[in-house]
Amino acid sequence: MDTLSYKTISVNKETAQKEWVVIDATDQVVGRLCSKVAKLIRGKYKPSFTPHVDCGDNVIIINAAKVVFTGKKETDKVYTRYTGYPGGQRFNTPEQLRKRPNGVDKMIRHAVKGMLPKGRLGRQLLDNLYVFEGTEHNMQAQKPKAIDINQYK
């Protein structure tokens, strides 16, 4: 009997097959989009998924300014940040963040970051996310393939 067929094969950093994918975020709900993006970045859709290794894809999100929130979250949801000074707690809604430079990028990164593992691996994985507010991106050299995010569960 061949015992090699019973061995679990773990992927390491050198053998991970990472791809570049482009996702169009037009009219996508933020939470649903980000949960699928987090799974792509983590590598959960791959049969060779290994929990402790960065084996996921590099994800480019275009048209990020066109994402939507359900219900009244656009005006009622509150993002909290702290300046580091006494009394330096600042609050923003998604409506206010959209008007700021890189505000949409911060919204999407905040949502994806909460869905990734905490610690060193999660911080490494977040570097595999690239968010662009318009249709143009500067990652053409990587030859990313466009995918339909709605086909993923």
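Q: How far apart are the end C-alpha atoms of helix α4, and what span should its 12 residues have?
A: Keep in mind that this is a predicted model. Helix α4 covers residues 103-114, and at 1.5 Å a residue its 12 residues should span 16 Å. That agrees with the distance between its end C-alpha atoms, which is 17 Å.

Q: Which residues of α4 are buried?
A: To count as buried, a residue needs a relative accessible area under 20%. In α4, the ones that pass are G103, V104, D105, M107, I108, A111 and V112.

Q: What covers the buried residues of α4?
A: Both helices and strands help out here. On the strand side, the cover includes β2 (58-62), β3 (79-82) and β5 (129-131). On the helix side, it includes α1 (30-42), α3 (94-99) and α5 (120-126).

Q: In what order do the elements of the protein run from the N terminus on?
A: There are five helices and six strands to place. Reading from the N terminus, the order is β-α-β-α-β-β-α-α-α-β-β.

Q: What share of the contacts in the protein with a separation of 6 or more comes from residues 24 or more positions apart?
A: A contact here means heavy atoms within 4.5 Å. Take the contacts with a separation of 6 or more, then pick out those between residues 24 or more positions apart: their share is 66%.

Q: Is I23 buried or exposed?
A: I23 sits in strand β1, residues 20-24. Leaving out residues up to four places away in sequence, I23 touches L33, V37, L40, V59, I60, I61, I62, I147 and I149. Its relative accessible area is 0%, so I23 is buried.

Q: How far is the C-alpha atom of I23 from that of G114?
A: Along the chain, these two residues are 91 residues apart. In space, their C-alpha atoms are separated by 20 Å.

Q: Where is N58 found, and is N58 buried or exposed?
A: N58 belongs to strand β2. Not counting neighbours within four places in sequence, N58 is in contact with K18, E19, W20, V21 and N128. Its relative accessibility is 8%, so N58, in strand β2, counts as buried.

Q: Which side chain of opposite charge is nearest to R42?
A: R42 is found in helix α1, and R42 is buried yet has no salt bridge. A salt bridge would need a side-chain nitrogen within 4 Å of a carboxyl oxygen. The nearest side chain of opposite charge is 8.2 Å away, and it belongs to D54.

Q: Which residues is R42 in contact with, leaving aside its neighbours within four places in sequence?
A: With those neighbours set aside, look for heavy atoms within 4.5 Å. The partners of R42 are F49, P51, C55, G56, P117, L121 and L125.

Q: How many disulfides are there?
A: A disulfide is a covalent bond between the sulfur atoms of two cysteines. To count here, the two sulfur atoms must lie within 2.5 Å. The count comes to zero.

Q: Why is C55 in no bond with C34?
A: Both cysteines are buried, C34 at 1% relative accessibility and C55 with a relative accessible area of 2%. The cysteine sulfur closest to that of C55 is in C34, and this is too far for a bond, because the distance is 20 Å.

Notes. Residues are numbered from 1 along each chain as its sequence is written. This is a predicted model: local features need pLDDT of at least 70, side-chain atom pairs count only at pLDDT 80 or more; totals for chains, interfaces and linings use all residues. Side-chain values use heavy atoms; hydrogens and water are left out. Helices (H or I, at least four residues) and strands (E, at least two) are DSSP runs, numbered from the N terminus. The expected span of a helix is 1.5 Å times one less than its number of residues. Buried means under 20% relative accessible area, exposed over 50%, partly exposed in between (1.4 Å probe, protein chains only). Lys and Arg count as positive and Asp and Glu as negative; His and the chain ends are not counted.
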